[in-house]
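Hi everyone, thanks for making time today. I'd like to walk you through one structure, so let's get it up on the screen.

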Amino acid sequence: RHPWSYRARLLASHVWREKGMLPEAKSVLLENLNHESLTPESKEWIDSQFNFGLLLFAEAMVHERNSRNLLMDSVTAEVQRDGLLELKKSHDLFQQAIRELEEAVDRAPDHRLAHETRYRIAEAWRHSAKFARTKMPTEQTETQRKLLAQQSHVELSNALDIYQKLQENL
């Protein structure tokens, strides 16, 4: 493959994202990340990893927004369940984004997107905590509610740690 094809996929992912077509944007980035002729040390691979993690973050935000709309309008148990399912999807995507973005920053701490990415990681932890806090009142047992409270506390503490490190580095 021609080296410019990897750069073209990166640009295509930006266009897909601008059009709101996140699955297509993720697909072309995954082609770069999974292509055998690109190594994790290459600029295109590293750029693809940063952008893939940021796309996961954006997709998680879409599901969170959907859940908020459903939960605000939850007049039935079914609609509330659908809202919690959307929030669970967003939680899982935030967790995946955190893993991808942390790996990207670890690989390239001086990358042009590294500072923004650290902020997005903190935001992902903060948003991720919403699932446990929202699910807590629906749990029947005190044990489950305590576990969810602990999960939320850990996720918010992770966010706070990163925010503080970012503030110190400014």
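**Salt bridges, core and empty space**

Let's start with a pair of charges: Glu-59 and Lys-26 form a salt bridge, with their closest N and O atoms 2.6 Å apart. Before I go further, please keep in mind that this is a predicted model. Why does this pair deserve a look? Glu-59 sits in helix 3 and Lys-26 in helix 2, so the salt bridge ties together parts that are 33 residues apart in sequence. Both Glu-59 and Lys-26 are buried.

How many salt bridges are there in total? The count comes to 15. As general background, side chains of opposite charge can pair when their charged atoms come close.

Two of the others stay within a single helix each. Arg-68 and Glu-64 make a salt bridge, the closest N and O atoms being 3.3 Å apart. Both of these residues belong to helix 3, and four residues, about one turn of the helix, separate Arg-68 from Glu-64. Are the two partners buried or exposed? Arg-68 has 39% relative accessibility, so it counts as partly exposed. Glu-64, at 3%, counts as buried.

Now compare that with helix 5. Here the side chains of Glu-116 and Arg-120 meet in a salt bridge, at 3.7 Å from N to O. Glu-116 and Arg-120 are also four residues apart, about one turn of helix 5. Glu-116 has a relative accessible area of 34%, which means it is partly exposed. Arg-120 is partly exposed as well, at 26% relative accessibility.

There is also a network of salt bridges, and it links Arg-7, Lys-43, Glu-44 and Asp-47.

Let me come back to Glu-64 for a moment, from the side of a neighbour. Ser-90 lies in helix 4, which covers residues 77-107. Leaving aside residues up to four places away in sequence, Ser-90 touches Ala-60, His-63 and Glu-64. With a relative accessibility of 1%, Ser-90 counts as buried.

Next, the nonpolar side of things. In soluble globular proteins, nonpolar side chains tend to be buried together. The largest nonpolar core in this model has 33 residues, and those touching the most other members are Phe-50, Ile-121, Trp-125 and Ile-162. Which helices supply at least two residues each to this core? They are helix 1 (3-18), helix 2 (22-34), helix 3 (43-72), helix 4, helix 5 and helix 6. Helix 3 provides the largest share, 10 residues.

Let's zoom in on one of those core members. Ile-121 touches Ile-98, Leu-101, Glu-102, Val-105 and Ile-162, again not counting residues up to four places away in sequence.

Ile-121 brings us to the empty space, as it is one of the residues that line the largest pocket. That pocket holds about 230 Å³ of space. Its lining also includes Glu-102, Val-105 and Ile-162, and each of these three is a contact of Ile-121. Which elements give two or more residues to the lining? Helix 4, helix 5 (114-135) and helix 6 (142-169) do. Helix 6 has the largest share, with six residues. For those of you thinking about chemistry, the pocket lining is made up of four nonpolar, two polar and five charged residues.

And what about closed space? There is one cavity of 30 Å³ or more, and the space in the largest cavity is about 30 Å³. The residues around this cavity are Ser-13, His-14, Arg-17, Leu-29, Asn-51 and Leu-55. Helix 1 and helix 3 are the elements that give two or more residues to its lining, and helix 1 gives the most, with three. By class, this lining has two nonpolar residues, three polar and one charged.

One last stop, back in helix 6, where we find Leu-148. At 7% relative accessibility, Leu-148 counts as buried. Leaving out residues up to four places away in sequence, the contacts of Leu-148 are Ala-132, Lys-135, Met-136 and Glu-139. How far apart are Leu-148 and Arg-133 in sequence and in space? They are 15 residues apart in sequence and 6.9 Å apart from C-alpha to C-alpha.

That's my tour. Thanks for listening, and I'm happy to go back to any part of it.

How values were computed: Residues numbered from 1 in each chain as written. Predicted model: local features only at pLDDT ≥ 70, side-chain atom pairs only at ≥ 80, totals over all residues. Heavy atoms only, no water. Buried < 20%, exposed > 50% of the residue type's maximum accessible area, 1.4 Å probe, protein only. Contact = heavy atoms within 4.5 Å. 1 Å grid on protein atoms, 1.4 Å probe; cavity = no way out; pocket = protein on both sides within 12 Å on 5 of 7 lines; lining within 4 Å. Points joined across faces, edges and corners; volume = space filled by probe spheres on them. Nonpolar A, V, L, I, M, F, W, Y, C, P; charged D, E, K, R; others polar. Core = buried A, V, L, I, M, F, W, Y, C linked by side-chain atoms within 4.5 Å. Salt bridge = Lys/Arg side-chain N within 4 Å of Asp/Glu carboxyl O.
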